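Me: I am new to this structure and would like a close look at a single part of its interior. Could you take me through it slowly, explaining each term as you go?

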Amino acid sequence: MKEEQLSLAAQSCAGCGVKLQTENAELPGFVPEQAVVRELAICQRCFRIRNYNEASSVTVDQNEFLKLLSSVATTDSLVVHIVDLYDFEGSLISGLQRFVGNNPVLLVVNKVDLLPKSMNLNRLRNWVQQQAKSEGLRTLDIVLCSAKRNIGFEHVIEALDRHRKGRDVYVVGATNVGKSTLINRLIKDYSDLERELTTSRYPGTTLDAVHIPLDDDKFIIDTPGIVYPTRMTEIVPRGFLQSLLPDKPIKPLVYQLNDQQTLFIGSLVRFDFVEGERQSFTLYISNALNVHRTKMERADALYEDHKGELLGGPSREELAEMPTWTRHSLRVPRGAKKDVFISGLGWIQVNGDAGALLDLYAPKGIKVLLRDSLI
């Protein structure tokens, strides 16, 4: 038994990188003793995610994430920051420059497959560049891709080859941006490793840094995702994530609204067109979410009577466990092309030129902002 424990102390989970242990099933890295003998042992949590798509409540302390990120500044590395195009402002690591020091940053924008196929990629790249610059992020290069659909992946490889210059590569990002999916493609195409990282829809799948050896004795280091509670994906019940996160191209929903009309999105968000000329609004959200239109004067009563039922979304009991709504008042200037962005949910494009006064109600703490239109 002692020998087994000694060998276990040196082992990390092949799926999420956390140190393995047999003592406590509630803590990260738990593995039943009979599974320790496997050469590429994975923890019980990864086993359940892979085989049963089961969510796990094991999380890692936020300070541990930040400590790990801060250590990157002391290295000479290429930093690959993966962001989710569908949740761009919500998944961009604020203050990343502070954590990585002078190391160059390659910005990989994942999930481009969710946008309509007619989207101009050059225009999209320019939009990303402007948004990153406004957030204070200095980027060496920007690559657009879809790790899941294998779109633009060769450009990711080319950018790594061009910018790495014999250095280690640190891969950083918020939870659920597709980091592990992208790294599994790297493992499959460019490494002799047999293992794959655990991937799932559940936030925080990678629990500790995972080192993947490269041919020149350097490493790709996958770091745990930073948890941002300002994203809808972090606060909805885990069983509802599948409805919230689109996994195929979004079919935009267009609504012609008069002022004093309301849209409810899956009992999670209320959108009021308070004042302005009749105009259209386009919703870029998961097509699994219900959208219901009503008049503002009826909205309060409708929500109380039908949330979690007719209006869709999590159940009434689950909604009661979520933060209460906060109102965001937004004024779209005349002639401006703007999106109302709701982190983790999607966005609403304002199509008219006449300007508008809007109120958006979302759970307290969720990032809501007005931005230049993506599409």
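Reply: Leaving aside its neighbours within four places in sequence, L345 is in contact (heavy atoms within 4.5 Å) with Y86, M232, L244, I265, L268, V269, Y284, I285, S286 and L289. This is a predicted model, in which local features need pLDDT of at least 70 and side-chain atom pairs count only at pLDDT 80 or more, while totals for chains, interfaces and linings use all residues. Residues are numbered from 1 along each chain as its sequence is written, and side-chain values use heavy atoms, with hydrogens and water left out.

L345 and L268 have the most contacts inside the largest nonpolar core, which has 100 residues; such a core is a set of buried Ala, Val, Leu, Ile, Met, Phe, Trp, Tyr and Cys residues joined through side-chain atoms within 4.5 Å. Another core lies apart from this one and has eight residues, including C13, A14, V31 and I42.

In helix α11, residues 296-306 (helices are DSSP runs of H or I with at least four residues, strands runs of E with at least two, numbered from the N terminus), M296, A299, L302 and Y303 are buried, meaning under 20% relative accessible area with a 1.4 Å probe and protein chains only, whereas exposed means over 50% and partly exposed lies in between. Seen down the axis of α11, these buried residues fall within an arc of 100° and so line one face of the helix, the arc being that of the directions from the helix axis to the C-beta atoms. E297 and D300, on the other side of α11, are exposed. The cover over the buried residues of α11 includes strands β8 (261-265), β9 (269-275), β11 (291-295) and β12 (325-332), together with helix α12 (316-321).
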